[in-house]
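Colleague: I'd like to know how you decide what to call things in a model like this. Can we go through it together?

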Amino acid sequence: MLVASPVLSRLLVYPRTEFFTELWLLGPGHMAEDYPYNVTRGQNYTVFLGVGDRLGYCGYYRVEVKFRNQSQPVPESFGPLGNRSSSGLPSLYSIVAFVGDEMVWETPLTFSFDYSYNVGLGQVEFNSLTLNGVVLDLSGYVSGWNATRSEFYGNLFFETWIYNGTTESFQYHERFVGLRFNMTLS
Amino acid sequence: MRSVLFWFAGLACVLLVACAPSLVHGADEHDAGLAVASAEARVVECYNFALEAERAGANVSELLRVLDEAGDLLSKAELAYGVGDYDGAATYAAQCEGRLAGFEVQSQTLRDSAAWQRQLDLMVNVVGSAAGTVAVLVGGWLVWRYLRKKHGATAGGAAA
């Protein structure tokens with residue numbers, strides 16, 4: 001048995017049956033806590049975005065950075081994989097990630113918002129989002145006051161798209177993570 | 001004759017002034033679009049090289065690190081193109097392609113090395129192990145036969 005063990009180890013391998021991708025967002029302490037919620041204009045916040053590849057091959061991912069207010073479409077969270085759709089909102093920026101099989105990729109994301117309060121309309125009007133030093137245009141994005149939750153709602157979220165070698169295009173990988181904010185006026 | 005010459009000189013000046021902005025700015029929308037598309041295609045091509053190397057069993061961490069850097073530059077090129085910064089887009093696209101220079105050779109070297117290592121591993125572990133197993137079985141059988149013969153002879157002698 002001892003001599004035969006190298007051969008047996010090749011013959012008696014339990015096949016992998018589950019192939020998937022992990023996506024996560026961690027807070028500033030690299031833990032799943034202390035996520036920024038009350039956001040101040042011009043203040044920097046840091047979170048960690050990670051992708052784990054369990055597909056059996058290295059994946060070419062694009063994490064699309066999107067922003068929405070309460071009335072804009074959110075990606076589908078429910079239903080079986082294969083039927084979920086992306087939000088349909090335009091992507092502000094693509095974060096490219098190449099992740100080897102059984103490997104993880106992680107990057108810190110430091111961001112800040114520039115916005116102003118329109119007293120007449122009672123709404124927050126966004127100017128830009130600075131993400132890792134890259135300025136992204138948010139003109140046209142507004143957020144009204146939500147009296148129920150007492151907040152000016154903002155939702156920064158990240159959708160994963162993966163390159164499909166057969167179709168030679170990117171397709172929505174049906175996973176997203178996001179951060180919910182209250183845009184404070186201080 | 002002189003008036004015709006002046007007319008052509010004037011026309012040349014007008015054309016020069018009209019073309020000046022594009023000469024100063026370098027890349028226009030079309031050029032920048034082509035540069036970004038070329039960088040996108042190059043990244044996909046290199047990704048396929050990395051896939052091949054990975055399938056051969058190579059450690060592709062270094063290749064993926066290079067691809068990540070190139071991908072970051074490609075994202076910036078696409079963003080610059082999207083906001084009409086065509087010079088920036090062309091520059092980032094060129095940097096992206098530059099980062100991937102020599103990628104094919106590097107990935108092929110890793111792939112070939114991994115294929116050789118795999119073959120060696122197969123020879124040592126599988127063939128060696130299989131031969132060892134056969135040798136142990138045959139050796140055991142020969143020892144068993146020898147002992148049986150010896151034991152049989154001793155038993156026969158004792159019986160006689």
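Modeller: Sure, here are a few labels and the reasoning behind them, and keep in mind that this is a predicted model.

Colleague: What makes strand β5 of chain A "mostly covered"?

Modeller: A residue counts as buried if 20 or more other C-beta atoms lie within 10 Å of its own. In β5(A), residues 93–99, seven of the seven residues are buried, so each of them meets that cut-off.

Colleague: Which way do they point?

Modeller: Tyr93(A), Ile95(A), Ala97(A) and Val99(A) go one way, while Ser94(A), Val96(A) and Phe98(A) go the other, and all are buried.

Colleague: How do you know that β4(A) and β5(A) are paired?

Modeller: Two strands pair if there are at least two bridges between them. Strand β4(A), residues 59–68, and β5(A) have seven bridges, in the antiparallel sense, so they qualify as a pair. One bridge puts Val65(A) with Tyr93(A).

Colleague: What are the partners of β6(A)?

Modeller: Strand β6(A), residues 103–118, pairs with β3(A) over nine bridges, and eight bridges join β6(A) to β7(A). Both pairings are antiparallel. Look at Phe111(A): Tyr45(A) is bridged to it, and it stands opposite Leu131(A) in β7(A).

Colleague: Why is the span of helix α3 of chain B called close to the expected one?

Modeller: The expected span is 1.5 Å times one less than the number of residues. With 22 residues, 32 Å is expected for α3(B), and its first and last C-alpha are 31 Å apart, so "close" is a fair word. Just after α3(B), Gly84(B) takes a positive phi of about 85 degrees.

Definitions and conventions:
Residues numbered from 1 in each chain as written. Chains lettered and ligands numbered in written order. Predicted model: local features only at pLDDT ≥ 70, side-chain atom pairs only at ≥ 80, totals over all residues. Buried ≥ 20, exposed ≤ 12 C-beta atoms within 10 Å, placed from the backbone. Helix = DSSP H or I, 4+ residues; strand = E, 2+ residues; numbered from the N terminus.
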